Every structure is written in C-alpha cells, then in structure tokens.
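Please look over the sequence and the coordinates before reading on. The paragraphs below are meant to be followed with the structure open.

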Amino acid sequence: MKKLSRPFPEIKTHYDVVVIGSGYGGSIAASRMARCGQKVCLLEKGKEFLPGEFPSNLREATKQMQFNKGTLEAGSENGLYEFVLGNEINVFKGCGLGGTSLVNANVAIEPDSRVMADASWPAAIRNNLTGFQEGIRHACDMLKPNPYPEGKNGYPVLQKTEAMRTSAKFMSEEFRLLNINVNFEDRYPNHVGVDQPKCLNCGDCVTGCNTGAKNTTAMNYLPDAVNFGAEIYTEVGVKHIERDDARNLWRVYYNAVNSGRDKFDAPSLFVEAAMVFVSGGSLGSTEVLLRSAKKGLALSPQLGQKFTGNGDVLGFGYNNDVPIHGVGKGDTLKPGVIDQVGPCITSVIDMRKRTPFTEGMTLEEGSIPGPIRSILVSALVTFSRVMGRDSDRGLGDFFREKWREVVSIFRGPFKGAVDHTQIYLVMTHDDGNGVIGLSGDDEVNIHWKGVGKQNIFKKVSGELTGATEALGGNVVPNPTWTRILNYDLVTVHPLGGCPMGEDASQGVVDHKGQVFKGATGSELYPGLYVMDGAIFPRPVGTNPLLTISALAERNCKLIAQEKGWSLSYDLPPRASSSNGQSKPGVQFTETMRGYFSINETADYGRGFEKGKQESSPFEFTLTIRSEDVETLLSDKDHDAPMIGTMTAPALSAYPLMAYNGRFNLFVRDAQDAEKKKMVYNIYLQSHEGKKYYFEGFKDVQNNKGLDVWKDTTTLFITVYEENGAGKVLGKGQLIIEPKDFAKQLTTMKAVNTHTKLEQIKAVSSFGKFFAGNVFETYFKKLR
C-alpha cells in the first residue's frame, strides 16, 4: 500500500477542520468530517509505518521506544512505543499514524449495559443508548471485527485458547471467543481500497503487524478520510490551541518533530480552522488542553480529573503443565505459513455479570511479541523466583517444572517453561481518581496515590491464581505490583482527563465531546471537540476501543446534524491502492538573521542599514525538504518545498507562518552564465490574518576576491503584499551566523530511507552537489 501521509512542508495555513491525533477517535473524526465535504487536515506526532516496517527484533524495537516522566525524557522523541511513567501508575501507548490501534490487541467488545447506564455519563447518553448502538454498528462496518476461525481455513485450534477453556471450566466462569479486528481471509482490496492479506498467526500484534492483516485505523478510517480529500501529516506534534474570536477560528500551534527547529529555539508553526478535534488520547488530549489553559484558554476545573487505567492488570501463569505457544515469532516467522501462536488475544473469561457491576472483570489471554523474546527467559525465570507462587505441589511436578526451565534456558523461549507460560490481561473497575497534570516544562504528569492498593486488584489477583491453578503453573503478578514497588500498576487503556459532564462544573466536555467554555455553566466553545477515550467519565471494565469508536461515531453524526451537513456511510467499491515506493530524500533546517525596513523598497543594502537604525530585525527558520534527492539534483531548477516561521516586528508582533514555499538550489542566472542563485519564495500569514509574500536570493558568483562564505550566507530579501505581484513593502538582508550554520549542519538528514546505506548515500549526494557547485563557481577558474 502507498503512504497516506504527505510531507509536512505541504501543510496549508487554513482548513475547515483540524484533527489532532489518529487513534480511533481522531481517525473517525477525519473520515466523517471529510465525508461531510469539509476540508480536513489531520496532524499526528508519530511516524507512518507500512506493513513490513514495524520492528521485528529487539534492536529495532529499542530504537522505537520513548520514556517520559515529567521533565525527564529518554529514547526516541516520537518512537512507536511510548511509556509514560507516572506516580503509582504507568502507561503504555502507541505513537504513530493509527495511534494505539497500531500496538493494541484488536479486541472489539461491547461494554456491559450497566456501565453505559451509570450516572457518571451525561443523561443524553445513558437515557438514550440508540445513538451509541448505532455507533457500534458503523464502527464494526469499518473495523470488521470477527472471531478467530479456529479449525477452519487452515487456522489451527490454539493451545493458549484451549488453556483458557480449561481455566474457565475450573473457575466456573463463562468462556468465549472474542471479536477481534483482524483479517482471516485475503482482501485485495478491502472496503476502502487497501490491499490486506490474511493473518499468519505470528502473535506480534502489539509491536506492529508486519503482515498487514490487523485492522488498525490505518487500514480503514484513515484511508477512507484520504479517499474523501483529507490531508494527513505525520511527525507533527501539537503544542496548544488558542481561540481567535475576532476571526471566529481556532489556531493550532505545532512543532515539526525531528526537523531541527528546536535547535534554533524557533517559534511554533500554526494552522487555523473553524473546527478542531482534539484526539491525542487520554494523556495527549489532556496535555494539549492543559497547555492551552496555561496560555489563557478558559476551561473546566475538571480538566485532568477522573483519569483511569481501566482497571488494567498484567499477569503470568508461568511454566504450566500444558504448552501454550504464547511467544510471537518476530523475524523468525516463516513467510506464508500460518503459525501456532495466533493473534495477541483471541478469547475471554467473562466475569462481568457480577453484582454490583464494579466487581466484574474480563480476563483475557495474550501473546508476548517476538521482538522482545530474547529477554523473556531471564525475565520470567527471575520474576518466578522473586515473586512467583507455585499453584501445585509434588516431587514429580517439581522435577518436571525444573526440567522445562532448563530447556528454556538452553533452547530459548519457544521451548520449555516459557513456551508453557500463559499471559493474562485483566480489566476491571478502579475508582477513576487519577489526576493528569503538567510538569515544570509543560510535559504530562500522572498522580494517583494508592491506586494499586484498591481492594479490586486483590480480587483480580485471586482470579489470576484460579486461572493458573487450573493449568498447574506458577502465578507471577505484574512485576511492578509488589510491596517493594508500592504496588504500582501498568495500564494499556488510559481513559479520562477530559471527562464528560452536564456542565463545566462536572466535566470538560458535553455529551458529544464539545468543550465547555469557562469554569462554570453550560456555554460551549464553537467548533472545539475532544474525540477519544479522554472524555470517559469512568472505566468500562473491558477493552475500550469499541466504546471509544461508538461514541466517536455517535458524536460525529450529531455534529453533522447540527451543522446541516450530509453524512453518508456508503462504502462504494474502491480500486486497490497502488504501490508507491517513496524515494530517498533530504531535509535540513536553516536560520538567518538580519534587518529589514518598510521605508526602503529599492535597495537591499539600504534596507539593511535602515532596518538596523529603526530596530527592525528580521529572522526566519525554514525547513527545506526534498522527497527525491535524485530529482532535486538532476532537475535544472533544483526545486524543493519549504515551510517555517519568520519574525518581523515591522509586519506583526507575532511570528509569521511561512508556508507553500519553494527553494531553488544553484540555479543559473539567465542574464549571466557565470552566476548562480539560491532562491527562496514563500507565502506568509500573520497572527492577525494578513497575507504577505517573501522573496529572497543568494547571489553566488566569483567576484573579485575569495568571497564564497559571504555569497553563500547572505540573502537579499523583499517582502510584498499578498503575493509576488503585490506592492513591495520593504527590503533588507539576512546572514547565517557561524553558530547557526554549525547547527544547520546537524539538521541535515535523509528521509524516506530504510537502511543506513541509503541514508549515507542521500546525504552524501546532496553534499557532493553543493560542494561541486561551490568549486565550479569559485575555484575552477583559479585552477
């Protein structure tokens, strides 16, 4: 399949709708608003991964890990696997185009009806669940959930599923296969035009599906949005939003991740829209709104409240008497062969019928993804020694368990004790009293005193003991849920932070996700919505993706009805998406500083001097990016897009957005064959909405004397009204300071590459071209 995202220099300054995030809520918002005929832009902090590009071993997986704890950060800035370390609870979530759908276990399960009827939900939802049920149907039409087809079409009955049947019978609880968002038959193409092969049972769902069988939002809602004209941009991290009442729009401030702009302390870029959907997930959406509130946006005091881990508990039934085959295959998967592991989760022991419903829980089996298999043996052996408890006794059993352990130690995780280990994920109902805040540098922080000591988690531990006892294994709890570590929890289902309520005193948003204006009352901000799990006022006690999707579908329909827009759910046949292999490109970021005067429209030098006298500085930070370095260097115009910001107090007190720019490298002067130019042409928009046009050039020529540094670092600039044909507003000159040039060199990088060799080749080709032109202009004649 071809990529859905566009290069970020193509972002415009205005859209009808901006969507922040691409998980279930954001993808649904983008799809449905695009189907309503709106011009949609979706911004995603993470990268886009195509099948085959996800990590398949520990070395690759490590590169995609990011760890965040307040002001402390480690790993990749926008790695696929994001770990947020809080106080007494930690969160794992996905960061990429598709959000956490890229790294979850695909389970599409409806919540207990009593959960949705609870008084914590706004009356408009709990008293009329028709819209919610309709939302479930629409979500299922797109996500295509279905049960694992055990014993059919070449799919074996899985040992981990059989073990769950045994545990359920022992516990006298309900067992069933789950609906999961996975393809078990080839679809060329699927319902939105994407080619999808069937599942190969590799078990690597939670590190990213390299087969392409997993129905992430990148396989349905996102391509559907693109089919209806939405524009998607990745590696774009939103900082905050602000309201412009004078112009009746929202301004979304963002940074281009990994562009190097941060090295120059460049101001944030921005995009404007009449409607904004904040869909960064429980932590991401809350973080954006907390920063926005800090900047002056009046919001409910409930912001950051009612955070819940959805009662998540991880546990292990280690070294059971029966084989499980619960370790994913990673880079050992045999092409085209259906394996014995299966999708991450296939079945459930459903204990949600208890009274009260808050005592209920769902217990599911899982698989450990192949990329981390190399650390499993040492980890599980250690955990079993330190905190494990054997569920059965007997000398014969003892020796059999020890022998299996020895087999794993010497033959690896696909044999012996580790191969006999069941992985459990339990979801239940915690008290939902977690709090999300900001650290000193405006990064997300989670606080939840005593969360792991709630009685419900002791009951979960008891159920895990029962499930493991049925299999004759060792009960090993989540390694952090111990007295030594203060019973810390880990959740993969963070919810809340922007909870629903009847008014601003009770919640951040109303029943359809629209944000309340201020601290009290029911007045709403026009066009501002939160659309993801952040709006949940409570845990749901089971996998929440279908509940998130159903509410998003419901709310999008209500918004369309309010606006009088037509929203069709038809899925017309789509041609298969063509294979579009991206070519290696290059990217770098440049800062130049100087002076500019609106009182000089003829001479660049005088403009510089007057600007200096008038205290009228001019500065820009621009990112230039070519998607194909070979074409950039071979084409006579040597053309590449660029985007960034400019600061010019003579034009605006705020940084200007520079967009839709073109950069031309070493183009020959039509009037003089000995001259070459570097040309900059770009549109500007001010905070106030005024439009300008910037034109600049570096005059590269062999004048008297050796002036290569001056020529390649001096830019002559002109600013026009509206466009290049408009009135000249002023002129000036900018230069690259040595310290900025040193930083610029560190921003040079290859894009669209998959190997180190490709990266080196792309950057070195650009470097040779640059150096060759300098040599030709300044040194050839001298030689």
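What follows deals with a helix pair, then with a single helix, and finally with cysteines.

The model is a predicted one, and a convenient place to begin is the packing of helix 5, residues 130-143, against helix 13, residues 545-563, whose axes lie 7 Å apart at an angle of about 110 degrees. Because angles of 65 to 115 degrees count as roughly perpendicular, helix 5 and helix 13 are described as roughly perpendicular to each other. Helix 5 contributes residues including Phe-132, Ile-136, His-138 and Leu-143 to the contact, while among those from helix 13 are Leu-546, Leu-551, Glu-553 and Arg-554. Sorted by class, the residues of this contact are nine nonpolar, five polar and four charged.

Helix 8, which covers residues 281-294, has 14 residues and spans 20 Å from its first C-alpha to its last, close to the 20 Å expected at 1.5 Å a residue. Helix 8 is mostly covered, with 11 of its 14 residues buried, and the buried ones include Glu-287 and Arg-291 as well as Leu-283, Val-288, Leu-289 and Leu-290. After helix 8 comes Gly-296, which has a positive phi, near 120 degrees.

How many disulfides does a search of the whole structure find? The search finds zero. Cys-202 is in no disulfide, and the nearest cysteine sulfur, that of Cys-209, is 6.0 Å away; Cys-202 counts as buried because its relative accessibility is 11%, where the limit is under 20%. Cys-344 is likewise in no disulfide, the nearest cysteine sulfur being that of Cys-205, 5.6 Å away, and with a relative accessibility of 6% Cys-344 therefore counts as buried.

Conventions:
Residues numbered from 1 in each chain as written. Predicted model: local features only at pLDDT ≥ 70, side-chain atom pairs only at ≥ 80, totals over all residues. Heavy atoms only, no water. Axes fitted to C-alpha atoms, helices over the stretch in contact; angles between N-to-C directions. Helix = DSSP H or I, 4+ residues; strand = E, 2+ residues; numbered from the N terminus. Parallel < 35°, antiparallel > 145°, perpendicular 65-115°, else oblique. Contact = heavy atoms within 4.5 Å. Nonpolar A, V, L, I, M, F, W, Y, C, P; charged D, E, K, R; others polar. Disulfide = S-S within 2.5 Å. Buried < 20%, exposed > 50% of the residue type's maximum accessible area, 1.4 Å probe, protein only. Expected span 1.5 Å × (residues − 1).
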